[in-house]
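Welcome! Please take a moment to look over the model below, then work through the exercises with their solutions.

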Amino acid sequence: MQPLTTEQIRAVIARGKLRDTIFKALGIFCLAIALLVIVALIADMAIKGSERFTLDFFLNFASRRAAQAGILSAWVGSLLVMLVTALAAVPLGVAAGLYLEEYAKRNWLTHIIEVNISNLAAVPSIVYGLLALGIFVYQFGFGQSILSAGLTLALLILPIIIVSTREAIRAIPAMIREGSMAVGATRWQTCRYHIIPYAMPGILTGVIIGLARAIGETAPIITIGALTFIAFLPPAPFTGEPPAGLFDWVFAPFTVMPIQIFNWTSRPDPAFEINAAAAGFVLMVMVLSMNAVAIYLRYKMRKNIKW
Amino acid sequence: MSANNPSDLPVVSDRLAKNAMRNVSERLIEGLLLCAAAVSVLTTLGIVYVLVSESFHFFQNVSIVDFLTDTQWTPLFDDAHFGIMVLVSGTVVSSFVALAVAIPMGTIIAIYLSEFANSKVREVAKPILELLGGIPTIVFGYFALLVVTPLLQIILPELPGFSLLSAGLVMGIMIVPYIASLSEDAMRAVPMSLREGAYAMGSTRLYTAIHVVVPAAFSGLAASYILGISRAVGETMILAVAAGMQPNLTWNPMEPAATITSYIVQVALGDLPHGSIGYQTIFAAGLTLLLITLVFNILGQWLRAKFRENY
């Protein structure tokens with residue numbers, strides 16, 4: 001083979017650089033598409049729904065007449081379902097994460113639990129809906145209530161909370177535990193006064209991301225058979241006559257934001273399209289602001305913590 | 001150590017009694033935490049129990065051979081047919097469209113972020129991808145039906161109002177962040193020395209990325225693609241909104257069709273009595289869906305084990 005001349009080598013280098021530049025442009029183009037979709041989505045819903053952004057829209061019940069329909073029962077329902085979800089998923093998820101990181105011995109049981117959690121994260125959400133339909137709605141007799149929906153979503157986001165709890169705990173150096181145990185603390189005292197507080201920002205990030213996912217979930221809630229037309233509010237939480245009245249709200253029928261949007265999107269009348277756009281915009285604002293808080297928390301955490 | 005057996009020791013103070021109490025409560029707490037961790041196993045058992053037991057009742061009425069080979073899916077008609085292939089075809093076509101978008105786009109973004117972009121670009125791009133991944137699927141469904149379908153109809157005038165194509169395209173965009181972020185993690189885990197070796201031999205960035213980094217990170221890339229497939233197969237709302245819900249045995253993305261998931265939604269929206277055959281069909285469909293995702297999960301784990309590179 002003839003050795004290349006300087007010009008030929010330069011040509012090879014120029015070709016390589018050109019390919020690099022083309023690929024760079026392609027990468028930026030793909031990212032731009034992603035950004036464009038987000039912007040187009042938000043802009044489309046904001047513009048189409050703009051005429052419905054009035055106080056009435058938030059304070060009216062769903063209605064057969066598009067112009068008078070509102071999202072009162074939907075956003076109240078979403079908040080209550082999220083309350084149940086958080087109350088169930090946060091203690092369970094944090095406890096499970098704590099167990100796996102701080103207590104579990106390396107044995108077959110731990111292995112099964114770990115494999116299980118990673119497999120559950122890949123199970124389609126509608127399958128959780130079928131689980132809830134079979135177990136919560138019929139076996140336990142919770143019916144098509146806020147309780148059934150909240151527990152279903154709690155199971156759905158449990159892997160997210162467990163994984164983020166474990167990551168947060170793993171980032172705490174061993175010297176913290178050793179220091180605590182050296183002065184006579186038990187394992188639980190170490191967890192209670194050191195591990196959990198230091199892991200808090202990480203856990204919180206996971207909880208927010210999990211709840212943001214849960215608030216937008218539609219399929220499992222439709223599967224348990226939630227009504228789509230609800231023109232009343234469930235009783236206010238924790239205000240009824242104790243003891244039974246305190247929890248009557250969890251057995252109330254309900255609707256949530258995503259179901260309301262689905263209901264309006266699937267109607268042929270274009271007037272409801274405006275409502276769907278407006279409600280979708282409200283939901284997007286909720287979800288995106290939760291995600292933004294989580295991203296900010298994580299960013300801040302990475303900058304601040306230095307062991 | 002004798003401290004394990006308190007009865008051997010003379011009790012000289014309350015301290016030991018206190019210690020014993022403390023040990024009991026420590027044990028109790030450990031047990032409680034273990035129960036919390038066991039909830040995930042119970043969830044899996046619950047899923048398997050519900051799907052298998054309801055499907056068992058279903059398969060007492062319908063033979064498995066009919067279920068797998070019949071070419072009609074009309075469970076609620078008088079002349080009932082239960083051919084799951086009708087629903088599977090919708091799922092396969094829509095997933096195929098979605099992956100045709102998501103795998104190339106996700107991989108390109110991952111290579112760009114891990115090999116080309118500087119840290120400033122990455123700090124902006126990663127949150128954008130994360131936000132895209134956080135958008136509720138019902139909003140994507142709205143977007144597919146009312147924005148993407150009309151746009152596509154400009155180019156393809158014969159496209160119907162509901163189609164697997166527009167649902168699949170939007171589903172692909174939805175999956176991009178999952179593939180991009182997992183693939184990027186895998187590629188960034190490839191040791192710098194491999195890249196430096198390639199650069200020292202005169203490789204360009206692109207050549208290094210394609211011929212050194214991608215093969216080294218292949219097990220991670222494969223895992224991200226498998227996750228993308230699982231997402232596509234299990235996606236529900238985009239299809240229920242934008243792909244129409246009538247069962248249709250087709251391999252043409254330009255047609256409307258029901259998928260396994262959108263069929264479950266359609267039945268759940270109606271008022272089927274508990275225990276009826278229509279009610280049982282959604283569990284049989286759910287079991288099919290779970291088995292499909294399970295096969296891909298096992299395949300993913302196998303790929304990961306086979307192509308794992310250790311450095």
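What follows is a set of exercises on domains, chain contacts and helix packing.

This is a predicted model, in which local features need pLDDT of at least 70 and side-chain atom pairs count only at pLDDT 80 or more, while totals for chains, interfaces and linings use all residues. Residues are numbered from 1 along each chain as its sequence is written, chains are lettered from A and ligands numbered from 1 in the order in which they are written, and side-chain values use heavy atoms, with hydrogens and water left out.

**Exercise 1. Find the domains of chain A and describe how they meet.**

Step 1: Mark domain 1 at 6-50 and domain 2 at 54-304 in chain A; such bounds come from an automatic or database domain assignment.

Step 2: Place the two C-alpha centres, which lie 36 Å apart in chain A.

Step 3: Look at the contact (heavy atoms within 4.5 Å), to which domain 1 of chain A gives 5 residues and domain 2 of chain A gives 8 residues.

Step 4: Turn to buried area, the accessible area (1.4 Å probe) that two parts lose on being put together, summed over both. Between domain 1 and domain 2 of chain A about 620 Å² is buried, and carbon and sulfur atoms give 82% of this. I42(A), M45(A) and K48(A) supply 70% of what domain 1 of chain A buries against domain 2 of chain A, more than any other three residues.

**Exercise 2. Do the same for chain B.**

Step 1: Here domain 1 covers 2-61 and domain 2 covers 84-307.

Step 2: In chain B the C-alpha centres of domain 1 and domain 2 are 39 Å apart, and the contact takes 9 residues from domain 1 and 10 residues from domain 2.

Step 3: The buried area between these domains of chain B is about 840 Å², with 80% from carbon and sulfur atoms. L51(B), E54(B) and F58(B) supply 60% of the area on the side of domain 1 of chain B, more than any other three residues.

**Exercise 3. Describe how the two chains meet.**

Step 1: Count the partners: 71 residues of chain B touch 79 residues of chain A.

Step 2: Add the area: chain B and chain A bury about 6700 Å² between them, 78% of it from carbon and sulfur atoms. L33(B), Y112(B) and Y142(B) supply 10% of the area that chain B buries against chain A, more than any other three residues.

**Exercise 4. At what angle do α5(A) and α12(B) pack, and which residues touch?**

Step 1: Locate α5 at residues 125-139 of chain A and α12 at residues 277-307 of chain B. Helices (H or I, at least four residues) are DSSP runs, numbered from the N terminus.

Step 2: Read the geometry: the angle is about 135° and the axes are 9 Å apart. Axes are lines fitted to C-alpha atoms, for helices over the stretch in contact, and angles run from 0 to 180 degrees between N-to-C directions.

Step 3: Name the arrangement: α5(A) is therefore oblique to α12(B). Angles under 35 degrees count as roughly parallel, over 145 as roughly antiparallel, 65 to 115 as roughly perpendicular and the rest as oblique.

Step 4: List contact residues, including I126(A), L130(A) and Y138(A) from α5(A) and Y279(B), F283(B) and L290(B) from α12(B).

**Exercise 5. Describe the packing of α11(B) against α12(B).**

Step 1: Helix α11(B), residues 260-269, packs on α12(B) at about 155°, with the axes 9 Å apart.

Step 2: The two helices α11(B) and α12(B) are therefore roughly antiparallel to each other.
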